[in-house]
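Welcome, and please have your viewer ready. We will go from stop to stop, selecting a few residues each time and looking at what is around them.

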Amino acid sequence: MNAVKTVAIAVVAAGRGGGGHAGAAGAPTPKPTVRATGDTVPHYTGDSLIRPDGFERWVLAGASMGLGYSQPSGADAAAGATLGMFHNVYIEPSAYEYFVRTGKFREKTMLAMTLYEPGQKVHPSKQGFFEGDFIAVEVTLKDSERFPGSWAYFNFGKGTKGSRAVAMPRQACQSCHVKNAADDNVFVQFYPTLRAVSTKFDRDKTLGAKTSSAGATATRP
């Protein structure tokens with residue numbers, strides 16, 4: 001038997017050996033690789049929260065444009081409705097899976113919101129708007145051991161990985177969320193991914209009333 005045939009037989013035999021090959025007789029199908037999604041729980045240094053790593057790969061809960069929770073006044077009111085900023089709200093994947101199973105936001109749940117200026121007329125676009133310059137990232141988290149009322153709110157601005165922020169004063173966000181959020185201080189009425197789950201568990205009975213009463217220029221998830 002010549003060398004070429006010997007090599008060919010060896011290759012075929014290796015293929016039949018099924019050493020993890022998909023489709024080989026009797027061989028298990030390899031599991032897909034799960035992509036890392038960054039931090040799953042909040043990390044602190046002293047009184048500061050460290051900006052969660054990898055939030056851009058979390059589950060997209062919802063997006064909005066120019067959404068706010070107070071009536072416009074002054075020049076804004078005179079100008080009427082404006083485009084406003086793009087908001088993208090993400091929830092940490094393991095917290096989302098818990099919410100899907102139970103209908104509740106577990107302790108250490110984190111949500112992140114990115115804010116972008118609206119952009120337009122960049123070649124080759126002729127109409128419409130897109131997410132332009134990055135403005136800030138804000139984080140909301142549930143940690144009853146550290147914060148009165150369980151939830152706290154942080155603004156990292158344009159801070160990069162490893163940056164830190166202290167919780168905003170409770171009166172800046174907490175009272176609005178307690179009064180108007182449809183489910184456990186979270187504005188699920190604005191986030192379709194979470195709204196569907198909340199509706200399934202019948203945890204948003206006041207959804208319609210709260211949606212209609214929410215006005216329009218704060219930016220917390």
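Start by selecting Val-137 and showing its surroundings. Apart from neighbours within four places in sequence, Val-137 is in contact (heavy atoms within 4.5 Å) with Arg-51, Phe-55, Ala-112, Met-113, Thr-114, Phe-154, Asn-155, Phe-156 and Gly-157. Val-137 belongs to strand 6, residues 130–142; helices (H or I, at least four residues) and strands (E, at least two) are DSSP runs, numbered from the N terminus. Is Val-137 buried or exposed? Its relative accessibility is 0%, so Val-137 counts as buried. The cut-offs are under 20% relative accessible area for buried, over 50% for exposed, and partly exposed in between, with a 1.4 Å probe and protein chains only. Add Gly-159 to the selection: 22 residues separate it from Val-137 in sequence, and the C-alpha to C-alpha separation is 8.0 Å.

A word on what you are looking at: this is a predicted model, in which local features need pLDDT of at least 70 and side-chain atom pairs count only at pLDDT 80 or more, while totals for chains, interfaces and linings use all residues. Residues are numbered from 1 along each chain as its sequence is written, and side-chain values use heavy atoms, with hydrogens and water left out.

Next, colour the sheet that holds strand 6. It is an open sheet of 5 strands in the order 3-4-5-6-7, with antiparallel pairing; two strands pair if DSSP finds at least two bridges between them. Strand 3 (59–65) and strand 7 (151–155) each have a single partner strand and stand at the edges, so one side of each has no neighbour in the sheet. From one strand to the next, the twist averages 20°, with axes taken as lines fitted to C-alpha atoms, for helices over the stretch in contact, and angles running from 0 to 180 degrees between N-to-C directions.

Now zoom in on strand 4, residues 86–91, which pairs with strand 3 in the antiparallel sense over 6 bridges. Pick out Met-65 opposite Phe-86, then Ala-63 with its bridge partner Asn-88. Strand 4 also pairs with strand 5 in the antiparallel sense, again over 6 bridges, and there Ile-91 stands opposite Leu-111. How many of the residues of strand 4 are buried? The count is 6 of 6. Show the side chains: Phe-86, Asn-88 and Tyr-90 point one way, and His-87, Val-89 and Ile-91 the other.

From here, select helix 5, residues 192–200, where Leu-194, Val-197 and Ser-198 are buried. These three cover an arc of only 100° around the axis, which puts them on the same side of helix 5; the arc is that of the directions from the helix axis to the C-beta atoms. The buried residues of helix 5 pack against strand 3, strand 4, helix 3 (93–102) and strand 5 (110–119). Turn to the other side of helix 5 to find Ala-196 and Lys-200 exposed. Just after helix 5, Asp-202 takes a positive phi of about 55°.

For the last stop, select the open sheet of 3 strands, in the order 1-2-8 and with antiparallel pairing. Strand 2 (residues 48–50) pairs with strand 8 over 3 bridges, and Leu-49 has Ala-165 as its bridge partner there.
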